[in-house]
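Subject: Structure handover and findings

Dear colleague,

Please find below the structure that I am passing on to you. My notes on what was found in it follow directly after.

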Amino acid sequence: MHQHSLLAALLLATREIGDDALADLGTLEAAVEAGIRNALVGPVADAIRRANLPPYLTRQQLAELTGWSLRKVDYLKAERRIPYIRRGRSVLFPTAEVEQYLNEGLVLAKGRPP
């Protein structure tokens, strides 16, 4: 739905409620804009980020992406703490599974729902 159509629908709804709701139209419009922005910005930014990442990461790419040293990547791989694929001498790390591994360690701030 187009943003103006949404605002028009909300205006019609406020007319049914009464004049008090219409007096606060600026607040209502700001709230609607913030809601639309929040609904779109997160998913769109996430989709763009995922589209720019390759499906598999090299050791160097994984280190750059996470900020880990190459030694840390090697340690995690040797301990089998991060998923990887080995074909001959080549070692690749599946991006989606590495993200899942990182998200397993997510600690939420107090007072925020999961």
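On the side of helix α6 that faces away from its buried residues, the exposed residues are A96 and E104. The helix spans residues 95-104, and T95, V98 and E99 are its buried members. These three span an arc of only 100° around the axis, which places them on the same side of α6. The general rule behind such a pattern is that an α-helix has 3.6 residues a turn, so residues three or four places apart point the same way.

Please bear in mind that this is a predicted model. Its mean pLDDT is 79, and 68% of the residues reach 70 or more. Among the elements, helix α5 (residues 70-78) has the highest mean pLDDT, at 97, and helix α2 (residues 19-23) the lowest, at 54. Where pLDDT is low, the predicted coordinates should not be read in detail.

Overall architecture

The protein contains six helices and three strands. Read from the N terminus, the order of elements is α-α-α-β-α-α-β-β-α. Of the 114 residues, 15% are buried.

Helices α4 and α5

Helix α5 also has a buried side, made up of V73, L76 and K77. The arc they cover around the axis is only 100°, which puts them on the same side of α5. R71 and A78 are exposed on the face of α5 turned away from that buried side.

How many salt bridges does the structure hold? There is one, and it is formed by D74 and R59, whose closest N and O atoms are 2.7 Å apart. Because D74 belongs to helix α5 and R59 to helix α4, the pair ties together parts that lie 15 residues apart in sequence. Both partners are partly exposed: D74 has a relative accessible area of 28%, and R59 one of 35%.

Helix α4 covers residues 59-66 and includes L62. Is L62 buried or exposed? L62 counts as buried, because its relative accessibility is 0%. The C-alpha atoms of L62 and L92 are 9.3 Å apart in space, although the two residues are separated by 30 positions in sequence.

The loop after α5

R80 sits in the loop between α5 and β2. R80 is exposed, with a relative accessible area of 68%. Its phi is near 55°, a positive value in a residue other than glycine. For context, most residues other than glycine have a negative phi.

The sheet

The three strands form an open sheet in the order β1-β3-β2, with antiparallel pairing. Strands β1 (56-57) and β2 (85-87) are the edge strands, each pairing on one side only. Strand β3 (residues 90-94) is joined to β2 by three bridges in the antiparallel sense. Between β1 and β3, which also run antiparallel, there are two bridges. L57 has F93 in β3 as its bridge partner.

Strands β2 and β3 make up a hairpin with two residues between them. In the turn of this hairpin, G88 has a positive phi of about 65°.

I85 is located in strand β2 and stands opposite L92 in β3. Which residues make the nonpolar surface patch of about 240 Å²? Y56, I85 and L92 make this patch. Residues must have over 30% relative accessible area to be part of a patch. I85 is partly exposed, with a relative accessible area of 34%.

Summary

To recapitulate, α5 and α6 each have a buried side, with V73, L76 and K77 in the former and T95, V98 and E99 in the latter. The salt bridge between D74 and R59 ties α5 to α4, as these helices hold the two partners. The sheet has the strand order β1-β3-β2, and Y56, I85 and L92 make a nonpolar surface patch. When you examine the model, please keep in mind that helix α2 has the lowest mean pLDDT among the elements, at 54.

With kind regards

Terms used:
Residues numbered from 1 in each chain as written. Predicted model: local features only at pLDDT ≥ 70, side-chain atom pairs only at ≥ 80, totals over all residues. Heavy atoms only, no water. Pairing = 2+ DSSP bridges. Helix = DSSP H or I, 4+ residues; strand = E, 2+ residues; numbered from the N terminus. Patch = residues over 30% accessible without salt bridge, like charges linked within 9 Å, V, L, I, M, F, W, Y side chains within 5 Å. Areas by Shrake-Rupley, 256 points an atom, 1.4 Å probe, with all protein chains shown as cover. Salt bridge = Lys/Arg side-chain N within 4 Å of Asp/Glu carboxyl O. Buried < 20%, exposed > 50% of the residue type's maximum accessible area, 1.4 Å probe, protein only. pLDDT = per-residue confidence, 0-100. Arc of directions from axis to C-beta.
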